[in-house]
Amino acid sequence: MNTPIKLDFTIASIEKPFQLCSFLQINFTDLQDIINDSYYTTYSIPKKRGGSREINNPCKELKLVHKSLLNLLQDYYVALKPIDVHGFTRGNGCNIFENAKVHVNQKYVLNIDLLNFFPSIKAKRVNELFSSSLFSMNENLALAMTLLTTEKGKLPTGASTSPVISNFICLEMDKELKNLCISKNLNYSRYADDLTFSSNNAISEIEIQEIYTIIRSNKFELNEKKFRLKTSNRKQTVTGLTVNTKVNVDRKLIRKVRAMLHDSIKNGIEIATVKHFNSKMVSSFEMETLFLQRLLGYINFIGQIKGKKDPIYLNFKLDFEYLREENYF
């Protein structure tokens, strides 16, 4: 484990539950209520590539608690963050563009995805984290922090604190993988549950097995369906971006956004929502809102990668504004 770094204002300065209450600006009784009761609403949303993902949405009171904790945890993690980690953290280079840039113009690119990332991190591991030398919390405080940031014995998908806690949990794995890559002349980067390795030399089966061993020894499992080893004569992608010769937006996404806009303008948002979410159900207001948020997110993402003066981005932006004016949203 990394050696704790002393900061002027650090979560390590909180040693007792009453100090946690003071920092969170919440009385002890209310904190106990939040800890003892289930303060989450669980629902499912469609995945981009089919299927659904369960979301655990905290209530308003718990979101405020998480927001305060997140600031402390992020400040501490930034002081420890490996240069190879680009997701769920602050600072320059912490985005998918920088994550992909590591692997540009490489003959071999290996993508590995961790299975059920947040839910696979159990409350016991979170409690061990807060009790470890990184935080040095006493038993009661570590337990309180664990109960505040987990749901039904695992990290909840939907809590703002889950990403940074997962980064802390992955510190040892990131260190071990980086050391392996240095010894094997491989490039390594991680964005959340997406791990990428690249090299101008062939990545051998033995090296892949060594990577697997490190991942499993850190209590994660691999999503075998998302294992990809691509050579430079095929399309190589990293976190949705192509990296064969430069970081660029995948043409599939361009076609997808064009189709979403076309269907929305021609047939209406309701029909477009059902079609592009592959849903047999009648569209609901919530689904339509999610559809529009995702569409706008795609457009902004294209502008971020290709540049705000790129003609494709500008045309998509104009079409979305037309859609907004016609439908009053």
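## The E7-E8-E9 sheet

In this predicted model, strand E7 and strand E8 (residues 241-242) are paired through 2 bridges and run in the antiparallel sense, and within this pair Thr 237 lies opposite Thr 242 of E8. The two strands belong to an open sheet of 3 strands, ordered E7-E8-E9, in which the pairing is antiparallel. Its edges are formed by strand E7 (237-238) and strand E9 (248-249), each of which pairs on one side only.

The loop between E7 and E8 contains Thr 239, a residue with a positive phi of about 45° although it is not a glycine. For context, most residues other than glycine have a negative phi. Thr 239 has a relative accessible area of 18%, and because the cut-off for a buried residue is under 20%, Thr 239 counts as buried.

## The E4-E5-E3-E6 sheet

A second open sheet is made of 4 strands in the order E4-E5-E3-E6, again with antiparallel pairing. Strand E4 (187-191) and strand E6 (228-231) are the edge strands, each pairing on one side only, and from one strand to the next the twist averages 15°. Helix H8 (residues 171-184) packs on this sheet, where the helix touches E4 and E5, and its direction makes about 160° with that of E4.

Taken strand by strand, E4 is joined to strand E5 (residues 194-199) by 5 bridges, the two running antiparallel, and Tyr 188 stands opposite Phe 197 in E5. E5 in turn pairs with E3 over 6 bridges in the antiparallel sense, with Ile 112 placed opposite Leu 195 of E5. E3 is also joined to E6 by 4 bridges, and these strands likewise run antiparallel; here Asn 111 faces Arg 228 in E6 as its opposite residue. Strand E3 (residues 108-113) is mostly covered, with 5 of its 6 residues buried.

The loop between E4 and E5 holds Ala 192, whose phi is near 60°, a positive value in a residue other than glycine. Ala 192 has a relative accessibility of 7% and therefore counts as buried.

## Arg 190 in strand E4

Which residue offers its side chain to that of Arg 190 in a polar contact? The partner is Asp 174, with the two side chains making this contact at 2.9 Å. Arg 190 is found in strand E4, while the residue range of helix H8, 171-184, includes the position of Asp 174.

Is Arg 190 buried or exposed? Its relative accessible area is 0%, so Arg 190 is buried. Leaving aside residues up to four places away in sequence, Arg 190 touches Tyr 77, Asp 84, Val 85, His 86, Gly 87, Asn 99, Phe 117, Asn 167, Cys 170, Met 173, Asp 174 and Leu 195. Among these neighbours, Leu 195 is the residue of E5 that stands opposite Ile 112.

## Nonpolar cores

The largest nonpolar core has 61 residues, and those with the most contacts inside it are Phe 135 and Phe 168. Helix H3 (residues 60-80) gives the most to this core, contributing 9 residues. Apart from it lies another core, of 30 residues, which includes Val 104, Val 109, Leu 241 and Ile 299. Two of these named residues can be placed by the strand ranges: Val 109 falls within 108-113, the range of E3, and Leu 241 falls within 241-242, the range of E8.

In soluble globular proteins, nonpolar side chains tend to be buried together.

## The fold as a whole

The secondary structure of the protein comes to 13 helices and 9 strands. Its radius of gyration is 22 Å, close to the 20 Å that the globule rule gives for 329 residues, so the protein is as compact as a globular protein of that length. The C-alpha trace spans about 60 × 55 × 35 Å along its principal axes.

Of the 329 residues, 45% count as buried. Among contacts with a separation of 6 or more, 65% are accounted for by residues 24 or more positions apart.

Key
Residues numbered from 1 in each chain as written. Predicted model: local features only at pLDDT ≥ 70, side-chain atom pairs only at ≥ 80, totals over all residues. Heavy atoms only, no water. Pairing = 2+ DSSP bridges. Axes fitted to C-alpha atoms, helices over the stretch in contact; angles between N-to-C directions. Contact = heavy atoms within 4.5 Å. Core = buried A, V, L, I, M, F, W, Y, C linked by side-chain atoms within 4.5 Å. Buried < 20%, exposed > 50% of the residue type's maximum accessible area, 1.4 Å probe, protein only. Polar contact = N/O pair within 3.5 Å; in protein donor to acceptor, adjacent residues only side chain to side chain. Rg over C-alpha atoms; globule rule 2.2 N^0.38 Å.
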